[in-house]
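This report walks through selected helices and side-chain contacts. Keep the model open while reading.

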Amino acid sequence: MEPHIHEQKTDYRPLGVSGLGGWLILIQIGLFLTMILLAVQLMQNTLPALTPEMWDLFVSKDSEYYHVLWGPLIIFEAIYNVVFLLFTIYIVVTFYRKKAILPRLMIIYYSVSLVLYMVDYILVLQIPMMRELEDGSGIQEIVKSVITCAIWIPYFIKSERVHNTFVR
């Protein structure tokens with residue numbers, strides 16, 4: 001008869017720093033601000049542009065504001081804002097569940113955000129009226145996104161806190 005060995009389960013406690021503190025506080029603030037800004041963008045700009053009156057103003061050939069790219073640009077921005085809002089919500093849920101996939105999601109999030117800013121900017125510049133109204137803010141957003149990628153992508157790749165926190 002073998003003696004009964006009682007196994008004791010212990011929680012995995014990583015060595016070194018872990019948890020949602022440190023620089024990850026800035027990530028949390030950024031994610032919540034992004035959700036708020038995307039929701040505001042949807043409510044103030046995207047949804048009104050999709051109303052029949054506004055849609056006709058931009059895509060009707062009889063309109064003085066007509067340009068062939070208005071329709072695709074409005075649709076692109078609407079899809080982008082909705083998908084990115086949902087993706088941000090998914091990231092927040094994953095963040096607080098401390099899932100191991102979070103660092104990859106954040107790298108995708110920052111990279112795709114940069115690419116979409118650039119695509120949107122290029123599309124906007126194709127419309128003469130929008131090109132005239134461009135005040136440099138589009139380039140500023142792209143530069144901010146490049147700086148954000150340059151800071152946070154390496155952080156999510158190399159950070160000990162990230163490595164020790166997102167393990168589930």
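## A buried asparagine

Asn-164 sits in helix α7. This is a predicted model. Is Asn-164 buried or exposed? Its relative accessibility is 8%, so Asn-164 counts as buried. The cut-off for buried is under 20% relative accessible area. The side chain of Asn-164 has a polar partner: one of its polar atoms lies 3.0 Å from the backbone oxygen of Val-17.

## Helix α1

Helix α1 covers residues 24-49, a run of 26 residues. Does its length fit the expected span, and what are the two values? At 1.5 Å a residue, α1 should span 38 Å. The C-alpha atoms at its ends are 36 Å apart, which agrees.

Helix α1 also has a kink of about 40°. The kink is centred on Leu-42. Leu-42 is itself one of the buried residues of α1. The others in that list are Leu-24, Ile-27, Gln-28, Leu-31, Met-35, Leu-38, Thr-46 and Ala-49.

Residues three or four places apart on an α-helix point the same way, because there are 3.6 residues a turn.

Which helices do the buried residues of α1 pack against? Their partners are α2 (52-59), α3 (70-96), α4 (102-125), α6 (137-158) and α7 (160-165).

## Aromatic pairs

How many aromatic pairs does the model hold? The count comes to twelve. In one of them, the rings of Phe-84 and Tyr-109 have planes at 15°, so this pair is stacked. Phe-84 belongs to helix α3 and Tyr-109 to helix α4, so the pair ties together parts that are 25 residues apart in sequence. Both Phe-84 and Tyr-109 are buried.

The rings of Phe-95 and Phe-166 have planes at 55°, so this pair is tilted. Here the link is between distant parts of the chain, 71 residues apart. Phe-95 is in helix α3, while Phe-166 is in the segment after α7. Phe-95 has 0% relative accessibility, so it counts as buried. Phe-166 is buried too, with a relative accessible area of 4%.

The table sets out the geometry of these pairs.

| Pair | Distance between ring centres | Angle between planes | Class |
|---|---|---|---|
| Phe-84 and Tyr-109 | 5.1 Å | 15° | stacked |
| Phe-95 and Phe-166 | 5.4 Å | 55° | tilted |

Phe-84 and Tyr-109 also belong to an aromatic cluster. Its other members are Phe-76, Tyr-80, Phe-87 and Tyr-110.

## The salt bridge

The salt-bridge count comes to one. Lys-144 pairs with Glu-141, and their closest N and O atoms are 3.1 Å apart. Where do the partners lie? Both Lys-144 and Glu-141 are in helix α6, three residues apart, which is about one turn of the helix. Lys-144 is partly exposed, with a relative accessible area of 47%. Glu-141 is partly exposed as well, at 31%.

## A positive phi in a loop

Most residues other than glycine have a negative phi. What is the phi of Lys-98? The angle is near 55°, a positive value in a residue other than glycine. Lys-98 is placed in the loop between α3 and α4. With 25% relative accessibility, Lys-98 counts as partly exposed.

How values were computed:
Residues are numbered from 1 along each chain as its sequence is written. This is a predicted model: local features need pLDDT of at least 70, side-chain atom pairs count only at pLDDT 80 or more; totals for chains, interfaces and linings use all residues. Side-chain values use heavy atoms; hydrogens and water are left out. Helices (H or I, at least four residues) and strands (E, at least two) are DSSP runs, numbered from the N terminus. The expected span of a helix is 1.5 Å times one less than its number of residues. The bend at a residue is the angle between axes fitted to the seven residues ending there and the seven starting there. Buried means under 20% relative accessible area, exposed over 50%, partly exposed in between (1.4 Å probe, protein chains only). Contact means heavy atoms within 4.5 Å. A salt bridge is a side-chain nitrogen of Lys or Arg within 4 Å of a carboxyl oxygen of Asp or Glu. A polar contact is a pair of N or O atoms within 3.5 Å; within protein, one must be able to donate a hydrogen and the other to accept it, and residues adjacent in sequence count only if both atoms are side-chain atoms. Rings of Phe, Tyr and Trp (its six-membered ring) pair if their centres lie within 6.5 Å; planes under 30 degrees apart count as stacked, over 60 as edge-to-face and the rest as tilted.
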